[in-house]
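Biologist: I have this model open in front of me and would love a close look at a single part of it. Could you take me through that part slowly, one step at a time?

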Amino acid sequence: MRCYNCMKELKTESKYCPYCGKESSASNPLHQLAAGTMLNGKYLIGNAIGEGGFGITYVGFDTTLEIKVAVNNY
């Protein structure tokens, strides 16, 4: 399991992430992609980090390269 804010791997289930200190659970509103969604079998979607006229940006994790990424949904 990963924290949906910082995308660090969590060793134990806890309400708060030991790395970023934020709640590690999902918290996206209904008009956004749900945190925990897997896109194209490769990108794990976390919490939204920005929303505007051009779309919504999420923190994400590339499961192939094993790195934190930004995912923009237009």
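Modeller: Let's begin with a definition: a charge sits over a ring if NZ of Lys or CZ of Arg is within 6 Å of the ring centre and within 35 degrees of the ring normal. Lysine 8 fits that description, lying over the face of tyrosine 19 at 5.7 Å from the ring centre. Arginine 2 does the same with phenylalanine 61, where the distance from the ring centre is 3.6 Å. As for rings paired with rings, a search of the whole structure finds zero aromatic pairs.

Before we zoom in, please keep in mind that this is a predicted model. The mean pLDDT of the protein chain is 93, and 100% of its residues reach 70 or more. Confidence is lowest in E2, at a mean of 95, and highest in E3, at 97.

Now for the part I have chosen, the run of strands from E1 to E3. Strand E1 covers residues 38–39 and strand E2 covers residues 43–52; the two run antiparallel and are joined by two bridges. If you look for one of the partners, leucine 39 is bridged to tyrosine 43 in E2. E1 and E2 form a hairpin with three residues between them. Asparagine 40 is found in that loop, and it has a positive phi of about 55° although it is not a glycine. Is asparagine 40 buried or exposed? It is exposed, because its relative accessible area is 73% and the cut-off for exposed is over 50%.

Follow the chain onward and you meet the next pairing. Seven bridges join E2 to E3, and these strands also run antiparallel. They too form a hairpin, with two residues between them. Here glutamate 51 has isoleucine 56 in E3 as its bridge partner.

That pair also meets a residue from another segment. Histidine 31 lies in the segment before E1, and leaving aside its neighbours within four places in sequence, it is in contact with Glu51 and Ile56. Its side chain makes a polar contact with the side chain of glutamate 51, at 2.9 Å. Histidine 31 nevertheless counts as exposed, at 52% relative accessibility. Its C-alpha is 29 Å in space from that of proline 18, although the two residues are 13 apart in sequence.

Next, look within E3 itself, which spans residues 55–62 and includes valine 59. Valine 59 is buried, because its relative accessible area of 5% falls under the 20% cut-off. What does valine 59 touch, not counting residues up to four places away in sequence? Its contacts include Leu44, Ile45, Gly46, Asn47 and Ile49, as well as Tyr4, Asn5, Met7, Lys68 and Val69. Tyrosine 19 is 40 residues away along the chain, and its C-alpha atom is separated from that of valine 59 by 15 Å.

Finally, step past E3. Glutamate 66 is found in the loop between E3 and strand E4 (67–73). Like asparagine 40, which has a positive phi of about 55°, glutamate 66 has a positive phi of about 55° although it is not a glycine. Glutamate 66 is exposed as well, with a relative accessible area of 59%.

Notes
Residues numbered from 1 in each chain as written. Predicted model: local features only at pLDDT ≥ 70, side-chain atom pairs only at ≥ 80, totals over all residues. Heavy atoms only, no water. Helix = DSSP H or I, 4+ residues; strand = E, 2+ residues; numbered from the N terminus. Buried < 20%, exposed > 50% of the residue type's maximum accessible area, 1.4 Å probe, protein only. Contact = heavy atoms within 4.5 Å. Pairing = 2+ DSSP bridges. Phe/Tyr/Trp six-rings, centres within 6.5 Å; stacked < 30°, edge-to-face > 60°. pLDDT = per-residue confidence, 0-100. Polar contact = N/O pair within 3.5 Å; in protein donor to acceptor, adjacent residues only side chain to side chain.
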